Structures are given as structure tokens and as C-alpha cells.
Amino acid sequence: MRQANDIQRSPRSGHREAGVSLVVVLILLVAMSILGLAVMRSSGMQERMSANMRDRSLAFQAAETALRVAQEDVLGNPAIEDLQYGRTLTELGITCAGDGICDATAVPAPAAVWLTAPDGRSTYRIEYLGTGNGAKLPGVCQTTPATYECERPMFRITARGRSPGLSEVFLQANVVSR
């Protein structure tokens, strides 16, 4: 004989369970969609950060190139050696506009001229700062036998590098001529 509970079961209870599973699946779908959007946003941010790092690296390399070119302009110029013997840039015929080496010791100091490096993306300027103590070794400078201290010309080089993007890097170095 059948019991009363078995007879009372109706298809309605199974229908209610199917509705609950639909709600649970929809909630999981929304959660997965939110998680997917968060991952997409994060990867987009990382892509922008790596592009910015690349731009900065290119700008830094361009500034280094300009710095090396300027150092060669200073160290490779034979007339600059005469500065250690009390001569001036003007006496040597070195001008800010012509050679790009500006005399920061002049009053008033000329506005520094920015020169373009061979790469075309970077610029530099060279400022003469005067003379400072050089080597204290015999035979290094033309000095008297009693003293071996000599004066060496000092320069400040400012290099600016730009990338194809928006990055710009400035480097500065002090150079003492040989």
C-alpha cells in the first residue's frame, strides 16, 4: 500500500529546484564576467606600463648618445687644452653660437645653445665652468719643477633625449679636460 507522502509528491517540487539552479548559474556567470573584466583591465594597464618603460628606455639611450657626443666635443678639441694656461674661450675663438661651448664664467653669461646629436632625437649643451685643480703628477702639466699642480678646464654637459612617444630624459655630467 502506498503511503500518503508518496501520493502528495507532485511535479511542482522538481520545478522549484530547476529555478534555483538557474539563479545559481546566473550568479556564477555574473561573477565570472566581473573577474574577466578585471583581468582585461589589469593586462591593459600592464601593456601601457611596458610601453612607457620602452619609451623611457629609448629616451635614456638618446640622452646617453648626446652625452657621449658632447664629451667627445670637449675631450677631442685640442684648443681647449690652452684654457689651462689662462687663456679664455674668446681668445681661442671658441664661441657659444659657433662651437656650442658657452662660457658660464662670463658676465653676463650667454644663453646656452642646444646642439643636435647625430641621432637627430637628442640635444646637448656644453658650459665652460672655469678651471680646477688637475693631476699632481710630475710631467702631466707644464709646471715648474717645484710644484706639479696644474689647472684643468671643467665643463658641464647637459643632454636631453626624447623618445618617439612622450618620454624625455635629461642627463648631466661634469667633465674635466685632459
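Are Cys-96 and Cys-102 buried or exposed? Keep this question in mind while you get your bearings, and remember throughout that the structure in your viewer is a predicted model.

**The whole chain**

Begin with the entire protein in view and colour it by secondary structure, which should bring out 4 helices and 5 strands. Followed from the N terminus on, these elements run α-α-α-α-β-β-β-β-β. Now switch to a surface display: the accessible surface comes to about 12300 Å², and 57% of that area belongs to carbon and sulfur atoms. Of the 178 residues of the protein, 27% count as buried. Among the contacts with a separation of 6 or more, 54% are made by residues that lie 24 or more positions apart.

**Stop one: the two cysteines**

Select Cys-96 and Cys-102, and you can settle the opening question, for Cys-96 is buried and Cys-102 is buried as well. Show their side chains as sticks, and you will find that the two form a disulfide, with their sulfur atoms 1.8 Å apart. A disulfide is a covalent bond between the sulfur atoms of two cysteines. There is no need to hunt for others, since a search of the whole structure finds 1 disulfide. If your viewer reports torsions, look at the one about the S-S bond of Cys-96 and Cys-102, which is about 60°, so the disulfide is right-handed.

**Stop two: a patch on a helix**

Next, select Leu-28, which you will find in helix H2, the run of residues 11–75. Leu-28 has a relative accessible area of 53%, and because exposed means over 50%, this residue counts as exposed. Add Val-20 and Val-24 to the selection, and you have a nonpolar patch on the surface, in which Val-20, Val-24 and Leu-28 together have about 270 Å² of accessible area.

**Stop three: strands E4 and E5**

Move on to the strands E4 and E5, which pair in the antiparallel sense over 9 bridges, and which are joined by a hairpin through 5 residues. Select strand E5, residues 168–176, and show the side chains, which alternate along the strand. Val-169, Leu-171, Ala-173 and Val-175 point to one face and are buried, whereas Glu-168, Phe-170, Gln-172, Asn-174 and Val-176 point to the other face and are not buried.

Which residue of E5 is the bridge partner of Arg-162? Select Glu-168, for this is the partner, and notice that the side chains of Glu-168 and Arg-162 also meet in a salt bridge, at 2.9 Å from N to O. Glu-168 meets Arg-160 in a salt bridge too, here at 3.8 Å from N to O. As for how open these residues are, Glu-168 is partly exposed at 39% relative accessibility, and Arg-162 is partly exposed with a relative accessible area of 42%. Arg-160, by contrast, has a relative accessible area of 18%, and because buried means under 20%, Arg-160 counts as buried.

**Stop four: from E4 across to E3**

Now select Arg-156 and Glu-127, whose side chains meet in a salt bridge, with N and O 3.1 Å apart. This pair links distant parts of the chain, because Arg-156 lies in strand E4 (residues 151–162) and Glu-127 in strand E3 (residues 122–133), 29 residues apart. Arg-156 is partly exposed, with a relative accessible area of 26%, while Glu-127, at 13% relative accessibility, counts as buried. In the protein as a whole, the count comes to 4 salt bridges.

**Last stop: Asn-174**

Finally, return to strand E5 and select Asn-174. What is the relative accessible area of Asn-174? The value is 61%, and Asn-174 is therefore exposed. Exposed as it is, Asn-174 still touches Leu-129, Phe-155 and Arg-156, if residues up to four places away in sequence are not counted. Draw a distance between the C-alpha atoms of Asn-174 and Leu-129, and you should read 9.2 Å, although these two residues are 45 residues apart along the chain. Arg-156 is a residue you have already visited, as the partner of Glu-127 in a salt bridge.

Definitions and conventions:
Residues are numbered from 1 along each chain as its sequence is written. This is a predicted model: local features need pLDDT of at least 70, side-chain atom pairs count only at pLDDT 80 or more; totals for chains, interfaces and linings use all residues. Side-chain values use heavy atoms; hydrogens and water are left out. Helices (H or I, at least four residues) and strands (E, at least two) are DSSP runs, numbered from the N terminus. Buried means under 20% relative accessible area, exposed over 50%, partly exposed in between (1.4 Å probe, protein chains only). Patches are made of residues with over 30% relative accessible area and no salt bridge: like charges are joined within 9 Å, nonpolar side chains (Val, Leu, Ile, Met, Phe, Trp, Tyr) within 5 Å. Accessible areas come from the Shrake-Rupley method with a 1.4 Å probe; for residues, only the protein chains shown count as cover. Two strands pair if DSSP finds at least two bridges between them. A disulfide is a pair of cysteine sulfur atoms within 2.5 Å. Contact means heavy atoms within 4.5 Å.
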